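Let's take a walk through this one together, starting with a bit of vocabulary and ending at the ligands. Keep the viewer open as you read.

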Amino acid sequence: MQNAFAQHLAKHELRLEAQQVDTLQINLGKVCNQACKHCHVDAGPNRKEMMSQETAVEVVNVLTKWAIPHLDITGGAPELNPSFRYLVTSAVSLGVKVTVRHNLTVMFEPGFESLPEFFARNQVEIVSSLPYFIAEQTDAQRGSGVFERSLKALKRLNEVGYGQADNEHLALHLVYNPVGAFLPPAQAAIEADFKREMFNRYGIVFNRLYVITNMPINRFLGYLRRSGNEARYRHRLVEAFNPNTVQYLMCRNLISVGWDGRLYDCDFNQMLDIPLNDPAITSLKHFNAERLKRREIATGDHCFGCTAGSGSSCGGTLTDNNK
Ligand code: SF4
Ligand code: SF4
């Protein structure tokens, strides 16, 4: 039987099929120096799952063989994986654009102080979560003291050249997601607020603000259940379904790779252990971009989180960015 999202697509005479594979989004593991309340990965300092060096080599082989132009590295805190620098420098030497989902505070862990210089040398695009420009809201979601350390980290990144409007090679993007069970506001409006307040209050600059809808999975789902908001939140996502977002969904252009080398349609499907629809391609060992770009995408009810309102993806809202 079809899930509710697939039924919704059918009702709108839509199909969710891949278009190309222009991004390999790799999850280096669940180990993180933080343990944020909304974390869809359920990451934290006590987790053990880590991508092995052998799997990291397979990632580089796939990038080489299939000439994939973009490597998007996430975790946990991906920098804590011993293969992190190998992956970045190997990809850069192949001419691949590298994005790192960087939690800012990890640069203050012993041995990681030189991360800003490493990022700048390799022209890594940085995407960092900052729930709000005020300490209270940020610490409520990401932990006590995270806001102060995030500001310090952003200043370090600005010092090495990140976030300047005239330097596209050192891009620094922030990510906003709501602190409660509601949908995010319009990206353009809140980006203007963030830019003004971050500069006026703290002298910090950045390039874009990506607005992301919280997915009802893992820790955020736990919060929804504890607060009695699950049914209402799910209903709100379904009500806000926007058929115009479907053509821009990120799963149409990327493949997500788990810490153990298994392949998924996106990071959310990875967390929910929803495999690709093609049983012949389960891991990096079987990677075949020609076949993957013709696949039908596996969906679930969580997909309503990507199609609500202006849409949501790892690169922010969908319809606002693609008008
Ligand atoms: S920093 Fe990111 S990966 Fe780490 S716990 Fe927070 S949301 Fe999860
Ligand atoms: S959750 Fe994943 S598969 Fe579902 S619509 Fe979003 S990106 Fe696509």
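A residue is called buried when its relative accessible area is under 20%, exposed when that value is over 50%, and partly exposed in between. Keep in mind that what you're looking at is a predicted model.

Let's put those classes to work right away. Gln-123 has a relative accessibility of 43%, so it goes down as partly exposed. You'll find Gln-123 in the loop between α4 and β4 (125–129). Its backbone is worth a click too: Gln-123 has a positive phi of about 50° even though it isn't a glycine. Asp-42 is another non-glycine with a positive phi, about 60° in this case. Asp-42 belongs to the loop between β1 and α2, and with a relative accessible area of 28% it is partly exposed. For a glycine with a positive phi, go to Gly-95, just after α3, where the angle is about 85°.

Now zoom out. The chain is built from twelve helices and eight strands. Its radius of gyration is 19 Å, close to the 20 Å that the globule rule gives for 323 residues, so the chain is as compact as a globular protein of that length. The C-alpha trace spans about 50 × 45 × 40 Å along its principal axes. Of the 323 residues, 56% are buried. Take the contacts in the chain with a separation of 6 or more: 72% of them join residues 24 or more positions apart.

Helix α3 is a good place to see burial in detail. Which of its residues are buried? In this helix, which covers residues 84–93, they are Phe-84, Leu-87, Val-88, Ser-90 and Ala-91. An α-helix has 3.6 residues a turn, so residues three or four places apart point the same way. The cover over the buried residues of α3 includes the strands β1 (23–27), β2 (70–74) and β3 (97–101), along with the helices α2 (53–66) and α4 (115–121).

Next stop, helix α7 (residues 187–202), which contains Tyr-202. Beyond its neighbours within four places in sequence, Tyr-202 is in contact with Phe-133, Ile-134, Phe-147, Leu-151, Lys-155 and Glu-197. Lys-152 lies 50 residues from Tyr-202 along the chain, yet their C-alpha atoms are separated by 9.8 Å.

Thr-299 tells a similar kind of story from a loop, the one between α11 (289–292) and α12 (304–307). Thr-299 counts as buried because its relative accessibility is 17%. Setting aside residues up to four places away in sequence, Thr-299 touches Asn-3, Phe-5, Ala-6 and Leu-16.

That leaves the ligands. The space taken by ligand 1 is the largest cavity. Around ligand 1 you'll see Cys-32, Gln-34, Ala-35, Cys-36, His-38, Cys-39, Ala-43, Gly-76, Asn-103 and Arg-142. By class, that shell has five nonpolar residues, four polar and one charged.

And where does ligand 2 sit? Ligand 2 is in the second largest cavity. Its surroundings are Leu-249, Met-250, Cys-251, Cys-266, Phe-268, Asn-269, Ile-297, Ala-298, His-302, Cys-303 and Cys-306. The shell around ligand 2 breaks down into nine nonpolar and two polar residues, with no charged ones.

Methods
Residues are numbered from 1 along each chain as its sequence is written. Chains are lettered from A and ligands numbered from 1 in the order in which they are written. This is a predicted model: local features need pLDDT of at least 70, side-chain atom pairs count only at pLDDT 80 or more; totals for chains, interfaces and linings use all residues. Side-chain values use heavy atoms; hydrogens and water are left out. A residue is near a molecule or strand if one of its heavy atoms lies within 4 Å of it. On a 1 Å grid over the protein atoms alone, a cavity is a set of points where a 1.4 Å probe fits but cannot get out, and a pocket is an open set with protein on both sides within 12 Å along at least five of seven lines; lining residues have an atom within 4 Å of a point. A molecule sits in a cavity or pocket if more than half of its atoms lie within 2 Å of its grid points. Ala, Val, Leu, Ile, Met, Phe, Trp, Tyr, Cys and Pro count as nonpolar, Asp, Glu, Lys and Arg as charged, and the others, Gly among them, as polar. Helices (H or I, at least four residues) and strands (E, at least two) are DSSP runs, numbered from the N terminus. The radius of gyration is taken over C-alpha atoms; the globule rule is 2.2 Å times the number of residues to the power 0.38. Buried means under 20% relative accessible area, exposed over 50%, partly exposed in between (1.4 Å probe, protein chains only). Contact means heavy atoms within 4.5 Å.
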